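Trainee: I would like to take one part of this structure and look at it closely, together with whatever surrounds it. Could you walk me through it slowly, in connected steps?

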Amino acid sequence: MGTIICVGLGPGDPDLMSRKAARLIEGGQHVAYFRKAGQLGQARRIVEGMLHPDVTEYPMEYPVTTEIAFACVDYNDLLASFYDDWADRLCQMAQKHDVIVLCEGDPFLYGSFIHLHARLQGRCPVEVVPGIPGMTGCWHATGQPITCGDDVLAVLPGTLSETALVHHMRQADALVIMKTGRNLPKIRRALAQTGLLERAWLIERGTMPNQRVIRLEEAAEQDCPYFAIVLVHGNGRRPERRQQVEAMAGATDIDGTQP
């Protein structure tokens, strides 16, 4: 009986991968990874030149790749069927040998492997190797600390509604906004509503050779890269901010209703 081992690859630069991850990848005889149909895939690109000469590769090609609202039934049905199928196939492979599954960033932080992990429980041995989250590489690319003192950091998926984005932005001092893509115009509007747009950064392909770091205000309106994160840095200890947040919390419940 083998083990399915999901390996966190880190933010994109292979040198930021853990020694354990590199060792497993270099010795793996069976390696699976997610990708868009017809493309090499970001995870596979990161490990280029690292794979064993006799490796067998298993590209797991998404049926759809656009990040849209979780409530979209057709989108979620397609992905659920995709994850069901690959969980079955990986489990069958693990009957005979170990299978390495590649995952950008850290697998347990918005990683696609999470959906396979849930489906594999109790069926075969599963191991997850942590990786440096992509957001960490992105905020280091700006050359500034993301938080300081008692800053509150919020990590938001860009797939949230504009109302929800505004709500959470107002509760935090520093922001990481993931899953940008086609959601970027909505994210811009939410940042503008909260007065944070001028402090926001867009980091595309952080730590990779084609990395781009730009003020979000300077990015073109139609510029919606998939491998990108929006950041707003914290400002450290700000008593007036604490008083403002506490006053808002006292006046309004988390769901937006009056107490």
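Trainee: I would like to start from Leu175, so which residue of strand 10 does Leu175 stand opposite, and how is strand 10 placed in the sheet around it?

Mentor: Leu175 stands opposite Val232 in strand 10, and as we go on please keep in mind that we are looking at a predicted model. Leu175 falls within strand 7, which covers residues 174–178, while strand 10 covers 228–232. These two strands pair in the antiparallel sense, over three bridges. In general, the strands of a sheet pair through backbone hydrogen bonds, and they do so either parallel or antiparallel.

Now let us widen the view to the sheet. It is an open sheet of five strands, in the order 6-7-10-8-9, and its pairing is mixed. Reading along that order, you find strand 10 between strand 7 and strand 8. At the edges stand strand 6, residues 153–157, and strand 9, residues 212–215, each with a single partner strand, so one side of each is left without a neighbour in the sheet. From one strand to the next, the twist averages 20°.

On the other side of strand 10 in that order comes strand 8, and five bridges join strand 8 to strand 10, the two running antiparallel. If you want one pair to find by eye, look for Trp201, whose bridge partner in strand 10 is Leu231. Strand 8, made of residues 200–204, is in turn joined to strand 9 by four bridges, and this pair also runs antiparallel. There the residue to look for is Ile203, whose bridge partner in strand 9 is Val213.

Having placed strand 10 among its neighbours, we can ask how far it is covered. Five of its five residues are buried, so strand 10 is largely enclosed by the rest of the structure. The cover lies on both faces, since Ala228, Val230 and Val232 are buried on one side, and Ile229 and Leu231 are buried on the other. Val232, which is the residue opposite Leu175, therefore belongs to a strand that is largely enclosed.

Next, consider the helices that meet this sheet. Helix 5, residues 134–141, lies across strand 6, strand 7, strand 8, strand 9 and strand 10, and it runs at about 60° to strand 10. Helix 6, residues 162–171, packs on the sheet as well, where it touches strand 6 and strand 7, and its direction makes about 170° with that of strand 6. Returning to helix 5, its buried residues are Met135, Thr136, Gly137, Cys138 and Trp139, and these pack against strand 6, strand 7, strand 8 and strand 10. Just after helix 5 comes Gly143, which takes a positive phi of about 75°.

It also helps to set this part beside the nonpolar cores of the chain. The largest nonpolar core has 24 residues, and those with the most contacts inside it are Met60, Leu90 and Leu116. Among the elements that each supply at least two residues of this core are strand 1, strand 2, strand 3 and helix 4, while helix 3 gives the most, with nine residues. Leu90 shows how such a residue is surrounded, for it touches Ile4, Ala32, Met60, Val99, Val101 and Leu116, not counting residues up to four places away in sequence. The residue you asked about belongs elsewhere, because a second, separate core of 21 residues includes Leu175, along with Leu156, Leu165 and Met169.

For contrast, you might then turn to strand 2, residues 30–36, which is mostly covered, with six of its seven residues buried. Strand 2 and strand 3 pair in the parallel sense over seven bridges, and there Lys36 stands opposite Tyr62 in strand 3. Strand 2 also pairs with strand 4 in the parallel sense, over three bridges, with Val31 standing opposite Ile100 in strand 4. Arg35 lies in strand 2 too, and a polar contact of 2.7 Å joins the side chains of Arg35 and Glu61.

Finally, step back to the protein chain as a whole, whose secondary structure comes to eight helices and ten strands. Of its 259 residues, 46% are buried.

Technical notes
Residues are numbered from 1 along each chain as its sequence is written. This is a predicted model: local features need pLDDT of at least 70, side-chain atom pairs count only at pLDDT 80 or more; totals for chains, interfaces and linings use all residues. Side-chain values use heavy atoms; hydrogens and water are left out. Two strands pair if DSSP finds at least two bridges between them. Axes are lines fitted to C-alpha atoms, for helices over the stretch in contact, and angles run from 0 to 180 degrees between N-to-C directions. Contact means heavy atoms within 4.5 Å. Buried means under 20% relative accessible area, exposed over 50%, partly exposed in between (1.4 Å probe, protein chains only). A nonpolar core is a set of buried Ala, Val, Leu, Ile, Met, Phe, Trp, Tyr and Cys residues joined through side-chain atoms within 4.5 Å. A polar contact is a pair of N or O atoms within 3.5 Å; within protein, one must be able to donate a hydrogen and the other to accept it, and residues adjacent in sequence count only if both atoms are side-chain atoms.
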